[in-house]
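This briefing goes through a protein model by topic. Keep the sequence and the 3D view open while reading.

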Amino acid sequence: MDSQASEVDIALLEDKQLVELHKEKTNNNYTVGDVYLGRVKKIMPGLNAAFVDVGHEKDAFLHYLDLGPQIRSLSKYIKFAMGGKSAQLTMDNFRLESDIEKTGKITQLLATGAQILVQIAKEPISTKGPRISSEISFAGRYLVLVPFSNRISVSQKIRSSEERNRLKRIIQSIKPNNYGVIIRTIAENKKVAELDADLRMLIEKWEKTTERLHNAVAPIKITSELDRTSVILRDLLNESFNNVYVNDELLYEETKDFIRKIAPQKTDIVKLYKGKEPIFEYFGIKKQIKGLFGKTVTIKSGIYLIIEHTEAMHVIDVNSGHRVNKDNSQEQNAFTVNLEAAAEIARQLRLRDMGGIIVIDFIDMHDAKNRRELYEKFKEYMANDHARHTILPPSKFGLIQITRQRVRPTMDIKVLENCPSCDGSGKIKPSILFADEIENNLKYLLLDQNERALTIAVHPFIYAYLTKGICSIRRKWMWKYKRSLKIKPMSNYQMLEYHFFNKNNDEIKI
């Protein structure tokens, strides 16, 4: 966690590889899960929806289907709470109203100017205001609480029917009346005491929410969701977490306190980083960010992805680059490249938090068995993705289409830097990856093209960087690839310009 003045950057690493990056603005007022008392601004019968003022510059969108079946009960209870009568009328003895019909009209339930309790379901994205729901729910570590319902449901990821029944019985025995509960995957094999503590905490949160409604005037925020740091720890923290590093003392204490509440045995994994180097530099995250964001993403073996973002969808194109094995058929080469690309694409979707419609153009394969295996493997790679998603089998054009839950804007980081040679009039690849780029091409020429001796011509500054010291980068490359390698400075080259020459001093075009 990198705490800065205006935001906290949170990087999740698996086996030292960056898989998720979150940026939490300290002044973000519209976070998924926040509860607002809003005022109905406009009813749209044609859309069967309403626009609600929650204080954002753009009115929030509320569709009839997002009202929730118990909207009548919610409205009735809110009126009591706003009049200060919620203390006398507890949830346990509250009489629920009948559920609304799925095919009903919003005009039957809401009127312009009415006050309504809503929850942010999607943060404002692009030119759109927040998407909201009036089916209020509060997520804990093991459970999700849904007031005005008596239904108990269990995460489908808990496969064992015995465990599902055990959890249902436990919740039925400890749950007060008029509260519905969704049992989360992480609740599997947990004891009654842990589930009960989580349930009590969520009920207390709902009761405090209704207390704050007394004399409240819309639009106003009633309850804040946990900050992104706490949400990530609540939802992801498990036995596989080794360390949580924080570079700010206040955030360190807050994080430690939060983990002490949800998983006391893991408190010691929180560590305060005191190094002189920036925390993201020290853990190699900065370099990974530069290499993993942007239009072109190169995978180590030479395969690269072209990722384009549009308003309607995201498009990913897979290219084999230098990756061609002469011993394999074209079909086998395409299959190998596609499998490697699929693993990186699954990582990219999590990393950039890409949502909506995603279309992937894999390299064409004619064998139906290979297409089917790619599809199954891709589903495996996507299994670690916590966002709801649906993957369609490859179409006859070789495209795989995905819909992925989008609740906040896509993570977009600019990785192109101003060119040092032309003072910002052009763009170049990030300089932090420059030596890696030269080595990738060098590896291709020496190992795949079997060149015996190479000369690399570079700018004098780059020449000094590659050749300085006894254990220079040039020497490391020679030891690694067991080939002769010369580097010569060229003062007429641009800063990041380079060319390869063979032993006859002929330039090799890449």
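A residue counts as buried when its relative accessible area is under 20%, and as exposed when that area is over 50%; values in between are called partly exposed. Asp34 has a relative accessibility of 2%, so it counts as buried. The model is predicted, and the points below should be read with that in mind.

**Overall make-up**

- The protein has 510 residues, and 44% of them count as buried.
- Its secondary structure consists of twelve helices and 27 strands.
- Taken along the principal axes, the box filled by the C-alpha atoms is roughly 90 × 55 × 50 Å.

**The three-stranded sheet E1-E2-E3**

- Strands E1, E2 and E3 form an open sheet in that order, and the pairing is antiparallel.
- E1 (2-3) and E3 are the edge strands of this sheet, and each of them pairs on one side only.
- E1 and E2 (residues 7-14) run antiparallel and are joined by two bridges.
- Within this pair, Val8 of E2 is the residue opposite Ser3.
- The loop between E2 and E3 holds Asp15.
- Asp15 has a positive phi, near 50°, although it is not a glycine.
- With a relative accessibility of 79%, Asp15 counts as exposed, because the cut-off for exposed is over 50%.

**Lys23 and its contacts**

- Lys23 lies in strand E3 (residues 17-25).
- Its relative accessible area is 30%, so Lys23 is partly exposed.
- The side chain of Lys23 makes a polar contact of 3.0 Å with the side chain of Asp9.
- A polar contact of 3.5 Å links the side chain of Lys23 to that of Glu7.
- Between the C-alpha atoms of Lys23 and Pro393 the distance is 33 Å, and the two residues are 370 positions apart in sequence.

**Loops on either side of E4**

- Asp34, the buried residue introduced above, sits in the loop between E3 and strand E4 (35-44).
- The side chain of Asp34 is in polar contact with the side chain of Lys221, at 3.4 Å.
- Asn48 belongs to the loop between E4 and strand E5 (49-53).
- Phi of Asn48 is near 55°, which is positive in a residue other than glycine.
- Asn48 is buried, at a relative accessible area of 15%.

**The four-stranded sheet E9-E10-E12-E11**

- A second open sheet has four strands in the order E9-E10-E12-E11, with mixed pairing.
- E9 (138-139) and E11 stand at its edges with a single partner strand each, so one side of each has no neighbour in the sheet.
- Which strands pair with E12? E10 (residues 143-147) pairs with E12 in the antiparallel sense over five bridges, and E11 (residues 152-154) pairs with E12 in the parallel sense over three bridges.
- From E11 the chain passes through helix H2 (residues 161-174) to E12, in a left-handed β-α-β crossover.
- Between E10 and E12, Val146 has Gly180 as its bridge partner, and Val144 has Ile182.
- On the E11 side, the residue of E12 opposite Ile152 is Val181.
- In a regular strand, side chains alternate between the two faces of the sheet.
- Four of the five residues of E12 (residues 179-183) are buried, so this strand is largely enclosed by the rest of the structure.

**The cis peptide bond**

- The peptide bond between Ala218 and Pro219 is cis, with omega about -5°.
- Pro219 is located in the loop between helix H3 (192-212) and strand E13 (220-223).

**Helices H10 and H12**

- Two packed helices are described by the distance between their axes and by the angle between them.
- The axes of H10 (residues 434-448) and H12 (residues 473-481) come within 12 Å and cross at roughly 30°.
- That angle makes H10 roughly parallel to H12, because angles under 35 degrees count as roughly parallel.
- The crossing of H10 past H12 is right-handed.

Terms used:
Residues are numbered from 1 along each chain as its sequence is written. This is a predicted model: local features need pLDDT of at least 70, side-chain atom pairs count only at pLDDT 80 or more; totals for chains, interfaces and linings use all residues. Side-chain values use heavy atoms; hydrogens and water are left out. Buried means under 20% relative accessible area, exposed over 50%, partly exposed in between (1.4 Å probe, protein chains only). Two strands pair if DSSP finds at least two bridges between them. A crossover is right-handed if, with the strands pointing away from the viewer, the path from the first strand over the helix to the second runs clockwise. A polar contact is a pair of N or O atoms within 3.5 Å; within protein, one must be able to donate a hydrogen and the other to accept it, and residues adjacent in sequence count only if both atoms are side-chain atoms. Axes are lines fitted to C-alpha atoms, for helices over the stretch in contact, and angles run from 0 to 180 degrees between N-to-C directions. Angles under 35 degrees count as roughly parallel, over 145 as roughly antiparallel, 65 to 115 as roughly perpendicular and the rest as oblique. A crossing is left-handed if the near helix is turned anticlockwise from the far one by less than a right angle, and right-handed if clockwise.
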